[in-house]
Structures are given as C-alpha cells and as structure tokens.
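Colleague: Thanks for sitting down with me! Could you walk me through the ligand site and the charged pairs?

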Amino acid sequence: MGLPSFKILGASWATYQAICAHLGEEPKPWRNITELAANLAHLKPFPLAPATDENHGRAVSFMARLLGFDARIFVPAGMASARIKAMEAEGATVTVVDGDYDDAVARSGEEASDHCLVVSDTSWEGYETIPAQVVEGYTTIFREIDEAIDASGLPHPDMVVVPMGVGAFMAAAVTHYRSGERRPTIVGVEPLDANCIQESAIAGKLAHVPGPHKSIMVGLNCGLPSMIAWPRLSSGVDWFVSVDDTAARQAMRDLADSAVAAGETGGAALAGAQALLTDPEGEDALVDRANSTVLLLITEGATDPGAFKEIVGRSHDSVGRVLTSAH
Ligand SMILES: Cc1ncc(COP(=O)(O)O)c(C=O)c1O
C-alpha cells in the first residue's frame with residue numbers, strides 16, 4: 001500500500017467496525033473497496049479524526065481516501081514537516097496542536113460527533129471499543145509471522161521484542177503469545193524519557209510521564225499507556241527496557257548493514273534487545289543464547305528520508321540494494 005508502517009492493520013479494521021457500528025449494521029454487500037466506498041457514499045464527507053504521532057494518522061488518512069471520506073488529523077507540536085506532508089499527501093487536513101501527543105489525543109477526542117468518527121489507537125475512560133478493534137487488527141501481524149516461520153522451517157522465537165508507545169501493539173503481541181502453546185519471553189522497548197509503560201509496571205498502576213517527549217523515536221513518544229492495553233501489558237510483558245536516541249541511531253545503522261531500511265522508531269526493537277542482552281541484569285533473559293531465536297518487530301521504514309540519510313550516511317533506497325555492476 002506504500003505505507004511505511006504496520007498501522008494500517010489496526011486502522012482499517014477499526015474504521016470498518018466503527019462504520020458498521022455507526023450504521024447499526026454491515027454495509028450492503030461489497031466485493032472490493034470501490035464497491036464499499038460506493039455503498040458508503042451517502043455518509044460523505046464523514047471525517048475520520050485520529051490524533052497521531054504520524055503513522056496511525058497516515059494509515060487512517062489512507063483509509064479515508066479509499067472510502068472517499070475526509071480526514072482531520074491532530075498532531076503534536078514540533079512534528080517534522082516531512083511527516084506532516086506525508087499525511088497531507090493522503091488528502092488529510094493536519095492541525096498542529098500546541099502541546100504533546102497526549103494533548104493532540106485530547107483535542108481529537110473533542111471532534112467526536114454523529115458526523116465525525118474518532119479512530120484513535122489509544123483509549124481513555126468511555127472510549128474503549130475502537131482502540132480494542134485497533135489491537136485486534138494488529139494481531140494479524142503475529143499470525144502472519146507464525147505462518148511465515150512455519151513455511152520457512154525456521155525455529156519459532158524464544159524472545160519477542162516489541163516497541164511500545166501507548167502499548168496497543170504490545171497488547172496484540174501479548175494476546176497472541178500468551179494464548180497459544182508457545183510462550184516466548186516478551187520484551188517491551190520505550191524511549192528513556194517517554195517510558196510510561198515501564199513506569200506503570202514499577203508503580204503497579206497507570207503512570208503518566210509528562211512531556212515534552214523529545215526522542216527521535218517519535219512513534220513511541222507517549223506519556224500515558226492505553227487504558228485497555230494496560231492489563232495485558234502488566235500481566236504479559238516479561239521485561240521493560242528503555243533506550244536513548246544514541247542507541248536508536250546505532251540500531252538504524254546496524255539494520256541498514258543487514259539490508260533493512262528502518263526509521264528511527266523502527267530500530268527501537270533492536271536497540272532494546274541489545275540493551276537488555278548486554279546488561280548484567282538481563283543475564284537470565286535468554287537462557288541458552290547460542291541456541292536461541294530472537295524476533296525483532298521492526299515496525300517502520302524510513303518515514304523521514306532526510307533524517308535517515310543523516311543518521312545512516314546513505315539514502316534509504318540504497319539500503320538492501322545489491323550492486324551487480326563492477327563499481
Ligand atoms: C512505527 C511504530 N512502531 C511502534 C509503535 C507503537 O505502537 P503503540 O503506540 O500501539 O504502542 C508506533 C506507534 O505509533 C509506531 O508508529
């Protein structure tokens with residue numbers, strides 16, 4: 001779909017479910033998106049309004065464009081213009097809120113009405129159904145990973161490392177890996193100054209880590225865990241790791257050397273795994289290291305190509321290319 005993150009899996013499923021709830025039934029039968037859009041044309045412009053760090057908003061804007069709806073996106077102050085332009089390119093109206101991600105979420109919540117659907121990936125008191133459907137949508141990724149592993153004959157992971165913002169994606173990981181027979185160690189990774197899930201785990205209840213959150217891992221710059229994700233995070237995650245931007249940049253370079261062009265947020269899982277496995281405290285996180293498999297969720301491509309070039313030293317589209325000429 002040309003979208004550089006996994007967020008469309010949650011945005012598409014939750015948007016569709018929310019439209020069904022709004023209609024009080026499934027739309028008329030449809031075979032493809034064009035038919036679905038035609039069946040929903042009477043709802044137009046029916047704006048979809050998420051708050052976003054970018055990736056979720058971009059995914060919702062994409063859904064809105066497919067369905068012929070408007071998209072109104074609320075973003076925190078200081079978001080890179082390349083990221084804003086990417087959302088505008090999907091046809092969204094982007095409003096910069098004077099504040100951080102949590103302020104943008106609060107602002108988007110004010111849009112909710114019979115004529116505007118708030119499709120947020122985080123939850124708060126009284127706003128729980130749609131974020132739960134976002135989590136459901138994300139679980140697709142873990143089923144696909146299982147299928148790919150089965151098809152390849154590779155071993156299933158002993159450890160799974162997941163980047164965490166509000167924790168919706170991790171809630172999907174916990175749902176998947178704590179319901180089957182295989183029980184890998186689950187590791188969650190956050191930026192050092194936005195580690196609200198780690199702080200919540202220490203406090204034993206939801207904790208707020210006030211901003212401004214300045215990490216380059218912008219997808220993870222959240223000060224408050226999602227309320228509906230929290231019970232799964234507190235019971236299902238084995239290790240909480242916080243990393244700084246130096247580690248995030250190094251992870252991007254290491255991934256590029258392995259032919260993966262990951263954005264700043266995308267590299268967080270590798271940074272977290274390295275931090276945990278080199279820390280004496282993490283000594284028993286993986287018992288038999290030589291024979292273990294670690295699954296890293298690299299959740300984002302190069303969302304800010306200029307920053308990628310600066311950090312990695314070459315452009316993202318040269319990463320992974322095999323040179324066949326003699327140069
Ligand atoms: C690329 C990327 N990875 C991971 C996450 C974390 O997801 P969650 O906020 O559900 O924890 C985000 C959230 O925006 C993201 O954009």
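Modeller: Happy to; we will go through the ligand first and the salt bridges after that, keeping in mind that this is a predicted model.

Colleague: How many residues surround the ligand, and which are the closest?

Modeller: A residue counts here if one of its heavy atoms lies within 4 Å of the ligand. The shell found this way holds 16 residues. The closest of them are Lys 7, Asp 53, Gly 165, Gly 167 and Thr 299.

Colleague: How do the residues of that shell divide into nonpolar, polar and charged?

Modeller: Gly is put with the polar residues in this scheme. The shell around the ligand then divides into 7 nonpolar, 6 polar and 3 charged residues.

Colleague: What is the distance from an oxygen atom of the ligand to a polar backbone atom of Gly 165?

Modeller: A pair of N or O atoms has to be within 3.5 Å to be a polar contact. Backbone N or O atoms of Val 166 and Ala 168 lie 2.9 Å and 3.0 Å from a ligand oxygen. For the polar backbone atom of Gly 165, the distance is 2.7 Å.

Colleague: How much of the accessible area of the ligand does the protein cover?

Modeller: The ligand sits in the largest cavity. On its own, the ligand has 390 Å² of accessible area, and the share covered by the protein is 99%.

Colleague: Now the charged pairs: which residue forms a salt bridge with Glu 35, and is that partner buried or exposed?

Modeller: The closest N and O atoms of the pair are 2.6 Å apart, and the partner is Arg 31. Glu 35 is partly exposed at 23% relative accessible area. Exposed means over 50%, and Arg 31 has 73%, so the partner, Arg 31, is exposed.

Colleague: Which residue forms a salt bridge with Arg 107?

Modeller: Arg 107 is partly exposed, at 28% relative accessibility. Its partner is exposed, at 59%. The closest N and O atoms are 3.7 Å apart, and the partner is Glu 110.

Colleague: And how many salt bridges does the count come to?

Modeller: The cut-off is 4 Å from nitrogen to carboxyl oxygen. Arg 314 and Asp 257 meet in a salt bridge at 3.8 Å. By this rule, the count of salt bridges comes to 9.

How values were computed. Residues numbered from 1 in each chain as written. Predicted model: local features only at pLDDT ≥ 70, side-chain atom pairs only at ≥ 80, totals over all residues. Heavy atoms only, no water. Polar contact = N/O pair within 3.5 Å; in protein donor to acceptor, adjacent residues only side chain to side chain. Areas by Shrake-Rupley, 256 points an atom, 1.4 Å probe, with all protein chains shown as cover. 1 Å grid on protein atoms, 1.4 Å probe; cavity = no way out; pocket = protein on both sides within 12 Å on 5 of 7 lines; lining within 4 Å. Sits in = over half its atoms within 2 Å of the grid points. Salt bridge = Lys/Arg side-chain N within 4 Å of Asp/Glu carboxyl O. Buried < 20%, exposed > 50% of the residue type's maximum accessible area, 1.4 Å probe, protein only.
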